Structures are given as C-alpha cells and as structure tokens.
Amino acid sequence: MIRSFKSPAAYVQGRDALDQLGDRLAPSGESALVLADADVLEIVGDRAEASLEDADVEPILEEFGGESSEAEIDRLTEIAREADADAIVGAGGGKALDTAKAVRENTGGAMVSVPTIASTDAPTSALSVIYSDEGEFERYWFYVDHPDLVLVDTAVVAGAPVRFFRSGIADAMATWFEADAVRRADGENFFDEEPTHAAHSLSRLCYDLLREHGRSAVQAIERGIVTESVEAVTEANTLLSGLGFENGGIAAAHSVHNGLTQLEATHHATHGEKVNFGIVTQLVLEGRDDAFVDDVVDFSIELGLPVTLGELGVDDPTEDDLERVAQAAVAEGETIHNAFDASAAEVRDALLAADDLGARRRAGD
Ligand SMILES: NC(=O)c1ccc[n+]([C@@H]2O[C@H](COP(=O)([O-])OP(=O)(O)OC[C@H]3O[C@@H](n4cnc5c(N)ncnc54)[C@H](O)[C@@H]3O)[C@@H](O)[C@H]2O)c1
Ligand SMILES: [Zn+2]
C-alpha cells in the first residue's frame, strides 16, 4: 500500500502576523478577494486591506454570509470571476475558510487561509465541509490543492471569545484519538492511502501540547493575552491538528459530530463542542477502561467543554432523535467505517453511555 503526506505550502503564526499578509501573498498575484463575515471584516478588514495595498496587491473585500453552502459558494465564485482575482483569501472561522477554498477550486489561483479563531483544523486542509443553507451537514468536497499559505495572527486569536479556542482544543484532541484508531484498524487517511509515521507522531504531539498547555492557554485567552502556551495550543489546534487529521485519517468522533448536526437543537453548539461529545462516544465504542475515559472527560470539564447531550442543547433526546443521530453517524461513506465496524444500535448505545459518563463526571462522581 502507498503512504502519503500532504500539506499547505507555508504556515506562518505569531503576534501581528496579519500585517505580513500582503508581502507573503504578493508572489502569488496582483489582486486578492478577501472573504470574511461582517464581524470578521470589522476586526481584520482594514489591516488586511492596508497590508495588501502596501505590497501592491489590489484588495477586494466581500462579505461572507456565514454558511459554507452551495448557494453561498456560487455567489462568491461569481464575484471572484467578475473581479478576476488572482488569489482568494478566507478570513474567519472554519466556514469562511471552507467557502474560500471552494471558491478557489472554482476560479483557480492562490488560496490563503487567515483563521481569526483557533476553533477548528479547517485552515490547512484541502477540503471543505458543505452544509445546507439551514446548517445540516451535506458532504465533504475534496480538492487536489492545499492552501498556498495559512497565516495566523495569535493576537487576533487571543482577542476572540474563549469558546472558539476551547472548541479548537476539542477538535484537535479528536485528531489524536481518531488518527490512532485509524492506525490500529489499518484504515486510510483523507487521500485514501496509508497514514505515515509522521502523521501519527504529529497527532500525538498535538495531543501532548494540549494536555501540557491547554489549561494555561485557555486562561490566557480568557484575559485576551498571548503567551507561549497560547502559541503552543494555537499551533496544535491549527497546524498539527490539520496535518494530523488529513494525513492520519478520522474515525468515529467526527461521524458522531455529523450525526448530531441532524438535530436542530445542536446547531448553536460549535463544531468542536459536538466533536468533543464524539470523542467520548468513540472511546466508549473502543471499550476504553474507566480511568482512561474519566481522565479525558475531566480534562474537557476543566477546559469548560460540554460533556453531555443536554449541554449540547438536546435535553431529553427522544428515541427518534437518537436513531437519527446514530443512523447518520453510520451512513455510507462516514469516516466511522475507517476504524469501526459499528452498527446504528451500537452507536446509539455509545451516545447514551457517553452522556451518562459526562453527567457522572460533571456531578463530581
Ligand atoms: N475543512 C476542514 O478540514 C474542516 C475541519 C474542521 C471543521 N470544519 C468546518 O468548520 C466549521 C466550523 O468552524 P468554526 O467553529 O470556526 O465556526 P464558524 O466558521 O461558524 O465561525 C464561528 C464564528 O466566529 C466568528 N469569529 C471569527 N473570528 C472571530 C474573532 N476574531 N472574534 C470574534 N468572532 C470571530 C465568526 O464571525 C463566526 O460567527 C464547520 O462548518 C466544520 O464542518 C472544516
Ligand atoms: Zn473537526
């Protein structure tokens, strides 16, 4: 079998890195379409524009509607074509970046990810997660090309609400558990090939950094400050988790996330929050011992992450709710099949077991 490892061409991270956008993008073109929602434009729009202008790159700023849906991608593709933009810059959370990647797939040229929150591992990957306009998961869209540049300004990340940062930690924790499960099951990475040793090690490094620096980093972000721990966790959430999940493969935690998106009540929860519940569900499916699972759940609680269905918005799930989530999690093509031979009934029971575990640890038992 063939092993493979792919990545963006460049990754840049640090305080005030945003001001380097123009210089770093200039070799790729003379004009750039910057996509960001209204809130993010408010935060980074002027600086991105000034940095591009200083580097003789013509900036075109366009407001992103908020959902990485077909309709939004088509609308923005038209704008990019009319402007004849050489580069597409996505700024914001995972949805803005995924939308910018899709637009670049349609138009060609360079693609730059500017995550303004360390909330997911979307910035580095060569894929987008596509949703309906109502926010239900529809499909993954895979690309040949990775982003040309991922640029993270840690001061901007530190200025965002801490909830996003916590969510990114959950998404990054899943990277290790999923890559490790895939390896044990001889599963495949996102390129339908065998994961490399590098992917497994980077996923482990990701998890180790989170366990070593997670608490102090969250504390620093609550204050809006940048510390070495914030740098370490931002790198784990963004670079290491991104390289790890794509090259190492994902498994049950993300299938459970996708299943949970079926329930309207979870739509206010972030990607990472739903993935966090998926991690514990996966550990139940793996049959991990009590001490192991308790340790992971306790760490989540210390970070302020949701650990029960109720905390995700689903207070009293009906049988039908649970069935919908479980069926969606084991749908054909779901990544759970990469590492688990699990039926809908097994996933439903694991969801309930994870919920009980979370409630027990939350109560301090
Ligand atoms: N393509 C991939 O590889 C991949 C990987 C993981 C997740 N995802 C996708 O990413 C999406 C989730 O991303 P998300 O959790 O970042 O949510 P999101 O993209 O919806 O962003 C959340 C919110 O953060 C706000 N925001 C961004 N920067 C801010 C800042 N500095 N200060 C204040 N607010 C700010 C935005 O305005 C937005 O409302 C999902 O669609 C998920 O499927 C994709
Ligand atoms: Zn994820």
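Lys101 touches Gly90, Met111, Ser128, Tyr143 and Pro147, leaving aside residues up to four places away in sequence. Lys101 sits in helix 4. It counts as buried, because 26 C-beta neighbours lie inside 10 Å and the cut-off for burial is 20 or more. Val112 is eleven residues from Lys101 along the chain, and the two C-alpha atoms are separated by 8.4 Å. The model described here is predicted.

**Overall build**

The protein chain has 13 helices and ten strands. Its C-alpha atoms fill a box of roughly 60 × 40 × 40 Å along the principal axes. The radius of gyration is 20 Å. A compact globule of 365 residues would have a value near 21 Å, so the two agree. Buried residues make up 55% of the 365 residues. Contacts reach far along the sequence: among those between residues at least 6 apart, 80% join residues at least 24 apart.

**Two domains**

The domain assignment gives domain 1 (3–159) and domain 2 (162–362). Their centres, taken over C-alpha atoms, are separated by 25 Å. In the contact between them, 29 residues of domain 1 meet 40 residues of domain 2. On the domain 1 side, strand 1 (3–4), strand 2 (10–14) and helix 5 each give two or more residues. Helix 5 has the largest share of that side, with five residues. By class, the same side holds twelve nonpolar, twelve polar and five charged residues.

**The shell around ligand 1**

Which residues come nearest to ligand 1? They are Gly93, Gly94, Lys95, Ala122 and Val129, out of 30 residues around the ligand. Five elements are listed as giving two or more residues to this shell: helix 2 (38–54), helix 4 (94–107), strand 7 (127–131), helix 5 (154–159) and helix 6 (162–184). Helix 4 gives the most, with four residues. Helix 4 is also the place of Lys101. The shell divides into eleven nonpolar, 13 polar and six charged residues. Both domains take part: domain 1 and domain 2 each supply at least three residues. Helix 5 thus has two roles in this description, giving residues to the ligand shell and to the side of domain 1 that touches domain 2.

**Val275 in helix 10**

Val275 lies in helix 10. Is this residue buried or exposed? Val275 is buried, because 29 other C-beta atoms lie within 10 Å and 20 or more are enough. Val275 touches Ala170, Asp171, Ala174, Ala253, His254 and His257, again without residues up to four places away in sequence. Asp298 is 23 residues from Val275 along the chain, and their C-alpha atoms are separated by 16 Å.

**Helix 13**

Helix 13 covers residues 344–362. Its 19 residues, at 1.5 Å a residue, should span 27 Å. The end C-alpha atoms are 27 Å apart, so the helix agrees with the expected span. The buried residues of helix 13 are Val347, Arg348, Ala350, Leu351, Ala354, Asp355, Leu357, Gly358 and Arg361. Residues three or four places apart in an α-helix point the same way, because there are 3.6 residues a turn. The buried residues of helix 13 pack against helix 10 (271–286), helix 11 (290–303) and helix 12 (319–329). Helix 10 is the element that holds Val275. After helix 13 comes Gly364, with a positive phi near 85°.

**Positive phi outside glycine**

Most residues other than glycine have a negative phi. Asp56 has a positive phi although it is not a glycine, and Asp192 likewise has a positive value. The table sets out both residues.

| Residue | Phi | Loop | C-beta neighbours inside 10 Å |
|---|---|---|---|
| Asp56 | about 60° | between helix 2 and strand 4 (58–63) | 9, exposed |
| Asp192 | near 60° | between helix 6 and strand 10 (194–195) | 10, exposed |

Why do Asp56 and Asp192 count as exposed? Asp56 has 9 C-beta neighbours inside 10 Å and Asp192 has 10, and a residue is exposed at 12 or fewer. The loop of Asp56 follows helix 2, an element that gives residues to the shell around ligand 1. The loop of Asp192 follows helix 6, which gives residues to that shell as well.

Terms used: Residues numbered from 1 in each chain as written. Chains lettered and ligands numbered in written order. Predicted model: local features only at pLDDT ≥ 70, side-chain atom pairs only at ≥ 80, totals over all residues. Expected span 1.5 Å × (residues − 1). Contact = placed C-beta atoms within 7 Å. Rg over C-alpha atoms; globule rule 2.2 N^0.38 Å. Near = placed C-beta within 6 Å. Nonpolar A, V, L, I, M, F, W, Y, C, P; charged D, E, K, R; others polar. Domains from an automatic or database assignment.
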